[in-house]
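I opened a fresh page for this structure and set out to look up how its parts are arranged. My notes follow in the order in which I made them.

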Amino acid sequence: MLCELMNVSRSGYYKWKNRPETEQEAKRARVIPLVEQIHKEHPSHGYRWVTAYIRINHQENFSENYIYKAFKYLGIKSETKHRVKYKPRKEKDKYPNLIFTTWETVDRPRQVIVSDMTAFHIRWVYLELTMYFDVFTKQIIAYRFGEKRGDRKQYIDGLKDVINELEKETEPCIIHTDQGSVYASIAYNELIKEKNIARSMSRAGKSTDNPVNASLNGWIKEELFIDFHLGECRDRESMVEVIERYIKFYNSQRPCYAIGYDTPDHYYERYKQNEMEHKDTFSKRILTEVPKFVQNRMSTFENKKI
């Protein structure tokens with residue numbers, strides 16, 4: 001009856017049942033009760049201590065990983081009065097993430113603007129640069145400098161410049177940032193309270209939630225130092241002059257791969273003059289916390305199954 005349920009032949013079943021015990025099975029049969037006994041006698045210790053105890057007092061060598069598996073099999077762990085009690089993460093994101101992995105669905109200028117700060121330290125001169133970046137056109141639409149570490153004015157003044165730029169627009173806008181103290185401050189967000197602007201924030205500790213700015217800051221710095229020789233500057237004024245010259249070049253002269261090797265300013269003008277197809281993809285985006293590379297891997301796996 002059992003043979004039929006298991007869908008095996010009677011002879012095959014008894015051959016398996018009467019086979020000699022393997023070395024691995026004998027080892028397991030010896031270790032499991034030994035670990036269980038030691039844990040009962042010394043419940044305050046974990047698998048590493050038990051491994052050493054067996055080696056010293058029972059003259060048997062087992063790897064820590066093997067004893068760890070025995071602990072898992074038995075469903076035991078060391079007991080302590082000081083065990084850390086983990087609590088569910090409290091929601092500390094001041095504003096929701098309205099983008100996640102849907103950056104490619106942005107379908108018009110000034111629909112999503114991202115901001116971040118990057119710092120330059122050349123010899124004895126320190127300079128912070130805060131930029132506001134249009135995700136669709138790739139334009140740097142506002143930027144401000146900070147003269148000292150933690151300067152809040154550059155963020156506020158940059159946001160005011162963005163608000164002035166958005167006065168030309170009738171459609172709503174999302175401003176996406178990380179959870180920096182200034183971006184989360186009341187003073188910063190009060191500026192857009194009555195405006196047609198929604199706030200979006202990356203999750204705490206998730207720099208990948210703002211890949212646009214992370215990428216931008218990386219290669220802008222590279223071009224500034226290699227092509228525009230920023231590292232040769234000797235004072236703050238010359239650094240500011242080089243960066244401003246670069247930003248003008250970036251917006252009006254530099255071909256950008258992401259927009260078909262057009263320049264950001266020209267790409268913006270083409271859209272405004274209806275030379276480009278106006279799509280509606282952003283409103284249909286599906287928000288998910290699953291990273292894009294994981295989605296692609298899952299999609300590839302499903303296609304292979306089909």
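These entries go from the overall make-up to the sheet, the helices on it, the cores and a few single residues.

**Overall make-up.** I noted at the start that I am working with a predicted model. I counted 11 helices and five strands in the secondary structure of the protein. I then looked up burial, and found that 39% of the 306 residues count as buried. Among contacts between residues at least 6 apart in sequence, I found that 62% join residues at least 24 apart.

**The sheet.** I traced the strands next and found an open sheet of five, in the order S3-S2-S1-S4-S5 and with mixed pairing. At its edges I placed S3 (140-146) and S5 (197-201), each of which pairs on one side only. Ignoring direction, I read an average turn of 25 degrees between neighbouring strands of this sheet.

**Strand S2 and its partners.** I followed S2 (residues 125-134) to S1 (residues 112-122), and found the two running antiparallel and joined by 10 bridges. Along this pair, Phe120 stands opposite Leu127, and Ala119 stands opposite Glu128. The two strands form a hairpin with two residues between them, and I marked Arg123 in the turn for its positive phi of about 55 degrees. Turning to S3, I found that it runs antiparallel to S2 and is joined to it by six bridges, with Arg144 as the bridge partner of Thr130. S2 and S3 also form a hairpin, here with five residues between them, and Lys138 in the turn has a positive phi of about 70 degrees.

**Why is S2 largely enclosed?** I asked why S2 is largely enclosed by the rest of the structure. Since 10 of the 10 residues of S2 are buried, the strand is largely enclosed by what surrounds it. I checked both faces as well: Val125, Leu127, Leu129, Met131 and Phe133 are buried on one side, while Tyr126, Glu128, Thr130, Tyr132 and Asp134 are buried on the other.

**Helices on the sheet.** I found H6 (residues 153-166) lying across S1, S2, S3, S4 (173-177) and S5, at about 160 degrees to S3. H9 (residues 236-252) also packs on the sheet, where it touches S1, S2 and S3 and has a direction at about 170 degrees to that of S3.

**Nonpolar cores.** I looked up the largest nonpolar core and found 37 residues in it, with Val112, Leu224, Leu230, Met239 and Ile243 having the most contacts inside it. At least two residues of this core come from each of S1, S2, S3, H8, H9 and H10 (264-272), and H9 gives the most, with seven. I singled out Met239, which touches Phe120, Ile122, Val125, Leu127, Leu230 and Cys233, leaving aside residues up to four places away in sequence. A second, separate core has 18 residues, including Ile156, Val162, Ile163 and Met201. I added a general remark that nonpolar side chains tend to be buried together in soluble globular proteins.

**Single residues.** I found Ser202 in the loop between S5 and H8 (211-226), and I noted that Ser202 is buried at a relative accessible area of 2%. Its side chain makes a polar contact of 3.0 Å with the side chain of His176. Lastly I searched for disulfides and found zero in the structure; I recorded that Cys233 is buried at 9% relative accessible area, and that Cys256 counts as buried at 6%.

Methods: Residues numbered from 1 in each chain as written. Predicted model: local features only at pLDDT ≥ 70, side-chain atom pairs only at ≥ 80, totals over all residues. Heavy atoms only, no water. Pairing = 2+ DSSP bridges. Helix = DSSP H or I, 4+ residues; strand = E, 2+ residues; numbered from the N terminus. Axes fitted to C-alpha atoms, helices over the stretch in contact; angles between N-to-C directions. Contact = heavy atoms within 4.5 Å. Buried < 20%, exposed > 50% of the residue type's maximum accessible area, 1.4 Å probe, protein only. Polar contact = N/O pair within 3.5 Å; in protein donor to acceptor, adjacent residues only side chain to side chain. Disulfide = S-S within 2.5 Å. Core = buried A, V, L, I, M, F, W, Y, C linked by side-chain atoms within 4.5 Å.
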